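Trainee: Could you walk me through one part of this structure up close? I'd like to see how the pieces sit against each other.

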Amino acid sequence: MSSNTAPVDTKKSAGRRSIFGSGKNNLRQFGILFSLIAIIVLFQFLTDGLTLSSGNLINLVSQYSYILILAIGMVMVIIAGHIDLSVGSVAAFAGIVVATSMAEWNFPWPLAVLFGLLVGALIGAWQGFWVAYVGVPAFIVTLAGMLIFRGGNQFFGNANTVPVPEGFTVIGAGYLPEVGPVTGYNNLTLLLGFLIAIAIAVREWRSRRVHQTMHSEMPPLWVSLLKVGLLDAVVIYATFLFAGGRVGTSFPVSGIILGVLVLFYSFVTRNTIVGRHVYAVGGNKLAAELSGVNSRRVNFLVMMNMSILASLAGMIFVARAGASGPQDGLSWELDAIAAVFIGGAAVSGGIGTVIGSIVGGLVMAVLNNGLQLLGVGSDLVQIIKGMVLLVAVGVDVWNKSQGRPSIIGLLTRNRKASEPPTPPPAVLPDAGTPASARPADNPSN
Amino acid sequence: MAVEHVILEMRSITKEFPGVKALSDVSLTVRAGEIHAICGENGAGKSTLMKVLSGVYPYGSYSGDIIFQGKEVRFKDIRSSEAAGIAIIHQELALIPELSITENIFLGNEPTKWGAIDWVGAKRTAYELLARVGLRDDPDTLIKNIGVGKQQLVEIAKALNKSVKVLILDEPTAALNEADSQHLLDLIRGLKGKGISSIMISHKLNEIEQVADSITIIRDGRAIETLDIAADGVNEDRIIRGMVGRSLESRFPDRTPKIGEVFFEVRDWTVQHPQVSERMVVKGSSLTVRTGEIVGIAGLMGAGRTELAMSIFGRSYGNFISGRIFKDGKEIELRNVGEAIDHGLAYVSEDRKALGLNLLDDIKRSIVSAKLSKIAVGSVVNDAKEYSIAEEYRKNLRIKTPNVEMGVSKLSGGNQQKVVLAKWMFTDPDILILDEPTRGIDVGAKYEIYGIIQALAAQGKGVILISSELPELLGLADRIYTIFEGAITDCIDGADADPESLMKSMTSAKKKVRSI
């Protein structure tokens, strides 16, 4: 590879392009993360420190965990190129069935939880069947589901409220219990927080190790240290806030359920074959099928998974409220969908992440919570939330059409390490291509 | 040379994208009533130049002047360039499939009478326009019901309706078969007689040689030279020399085939059209492939080449009716793509953007996407393995990219095609079906892809090569099947084949298939 038509230009242009292009989605999520921090700081200031108080944080987590759980399922549905409008109704239906099972059929509550998940799975299989195997668009199937299961809830409960027993409320209103010596803090919450802080450091260290073995670009050490330092500072600060709340409260159980689900689904979407297939089907269904992906199965699974998570969200809500009612889960689907799109997913499918959706959901949650703390009426809250959704996605679309990254994007761009020297081809015999006959790789055309 | 009337002049056009200078100081002069070809490798800047001319990149986003009919023009969008009389016909056709020919011709330009669209007048004009481009279809026909060749003609009719003076054609014959291409070229020549100049971008050098009056060659964003066909005695080799900077001694790498025994066989393959149940798109076709052999399939567009290939590849096209597949002496059944991959088949589609790649993905994910299980433990994908495998292919196939984390949408056509090839090589296939593997790829990358194909055959794999370009089949294939209306009509030894005999078998069903 002695001579090339335009080696210097080619490298440089392509390198810059990758910063603008392939990392775009990450950049957007960084942007949203910064927005989240900005909103928190703003409300912390406006509410005289009430936003980041122990009581409010605990409340925030238990009040929005079920929306965030829905967002996890929703982002997978949206990546696959669909939408699910039925999640609020499915949650309400699962909630009333579970409440009834305990109140009237005397199910013990752990069994009732499993029963609720089963109900969710059956509903999901029903909707997945129509979407994947009959080919009805998910918008229609779940619009129908929205009516069917809302009606189902009222039919099943005779439009009444069904209370749930004490034990069941743990999953929605419970906190990490007090154990060990009296420290003035909730010990389990402290332990959890410290474990997370350690895990963050270990993860960064391991990621550097992997980069090293792959000889790929790696940020300098101080960037890693700064990153871990900042994250751990945030985690430990939050830990003390959660652990130091009113006696009897600490980190909510629903928050733990949420955390486990986030870790699990992040892993599934990023690192497993099924996860790859979801992105493949959403990105280009025909190409995925010609690569051996069973797109029907993928569509069926994401729809089914969504309904299972919806039933879980419904149960957590019922547990928190202490009863299941006919108005549960109203317009949850819209909150979940908004979270996913603010978090960087594309309407056309193929793009989105679990973490991004969680951050997007937190933006909405903090906004909602902060405005309520300020005593803003629900009319204005809705208007503001609507505007935030529109502006967040609008800015992104506009940025994309301009073909340039945000300022934040430029600050966070990857640094390119020098490439290892290119050894001669191993598989191919040198076909004797005249060097000048090789294409100049200018992707602009 | 007599001083001829210059209709269009582009002076010192420079256009930059962030980090890339796509065009630097390019000048172009087009005379009235000439066919001016623009040649260059992919990425040389041809399409960018035409986008500047047609207002896709508005005035102000580039530097330099455009003089049209003696006046400087500053187009702010396509509409303003069309109003001036410059129309562009893009590589990807911009027709709406669900609308009729008439509706498409008048889209955005609807004739009105008292505020309502005058469909009677529109249809009458459409008839006249269709007659001018030699299309005899009913103007009420929906676009989706006519072939690509005819759609191309409708695009030209649409341009004629706007009283065009300069017609820009970006790869007009890329998707057309030989007959349709010829018709189109004749039409462009006819328009020239009526004083309409054409600017034609094409990779098909023989066509350029055939119709163009002058050629401007662009390389790396610069205009290298402008040749006058009549005066300069231009031939294909001369153009290639300009495009790549030196001449190519041979357009195909040397190869000594090492052909073994028959190990793959398709017998009496019959497939039904997915919608029209009485139509058989593949009829009783049989073929054999030997180890280390490159088997060509020649046929006109619509003859059933792709249908045959895709239906073999796990019934991914049409409804399977009958037929048997044997591999290594055993009969196998491929009911879906997954089974086909497991049995060592690979299919590189003719449409890499629609069927070959997920354009949202990056290079490394694309390369492993057809056989994730190979780098997964249980269901968990091993990222480090993925990266090192992608790196290996990047080096071996010379995929031009700074790193394998780059999005495939950012690559040029030739490099995208290498990614697709890598994706299928990664599945360790025994049989590779390559459907138009060099479509829309420039000369240099073609040569490299030919090298890859030959290397695969040298490893003992069987390659089935489908191509519209007869020289490509003649240059690569050891044996060529011809297909006509879904049936195999002949099987010719590569050494004995010539374009005339192939074309004869591709256009008639009379011959019997010789067995090997």
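**A close look at a sheet, and a helix pair next door**

Mentor: Sure, and let's start with some background: chain A has 17 helices and two strands. Keep in mind that this is a predicted model. Of the 445 residues in chain A, 45% are buried.

Now for the part I'd like you to zoom in on, which is in chain B. Find the open sheet of six strands there, with the order β6-β9-β10-β3-β11-β12 and mixed pairing. At its edges you'll find β6 (86-89) and β12 (222-228) of chain B, each of which pairs on one side only. Going from one strand to the next, the twist averages 20°. Strands of a sheet pair through backbone hydrogen bonds, and they can do that either parallel or antiparallel.

Take one pair from the sheet: β3 (residues 35-39) and β10 (residues 197-201) of chain B run parallel, and four bridges join them. If you want a spot to click on, try Ala37(B), which stands opposite Met200(B) in β10(B). Then look for helix α6 (residues 178-193) of chain B, lying across β3, β9 (166-170) and β10 of chain B. This α6 helix runs at about 150° to β10(B).

For a helix-on-helix view, hop back to chain A. There, α5 (residues 109-134) and α13 (residues 295-321) of chain A pack at an angle of about 145°, with their axes 7 Å apart. The contact of α5(A) with α13(A) involves 17 nonpolar residues, nine polar and one charged. As for handedness, the crossing of α5(A) and α13(A) is right-handed.

Terms used. Residues numbered from 1 in each chain as written. Chains lettered and ligands numbered in written order. Predicted model: local features only at pLDDT ≥ 70, side-chain atom pairs only at ≥ 80, totals over all residues. Pairing = 2+ DSSP bridges. Axes fitted to C-alpha atoms, helices over the stretch in contact; angles between N-to-C directions. Contact = placed C-beta atoms within 7 Å. Left-handed = near helix turned anticlockwise from the far one by under 90°. Nonpolar A, V, L, I, M, F, W, Y, C, P; charged D, E, K, R; others polar. Buried ≥ 20, exposed ≤ 12 C-beta atoms within 10 Å, placed from the backbone.
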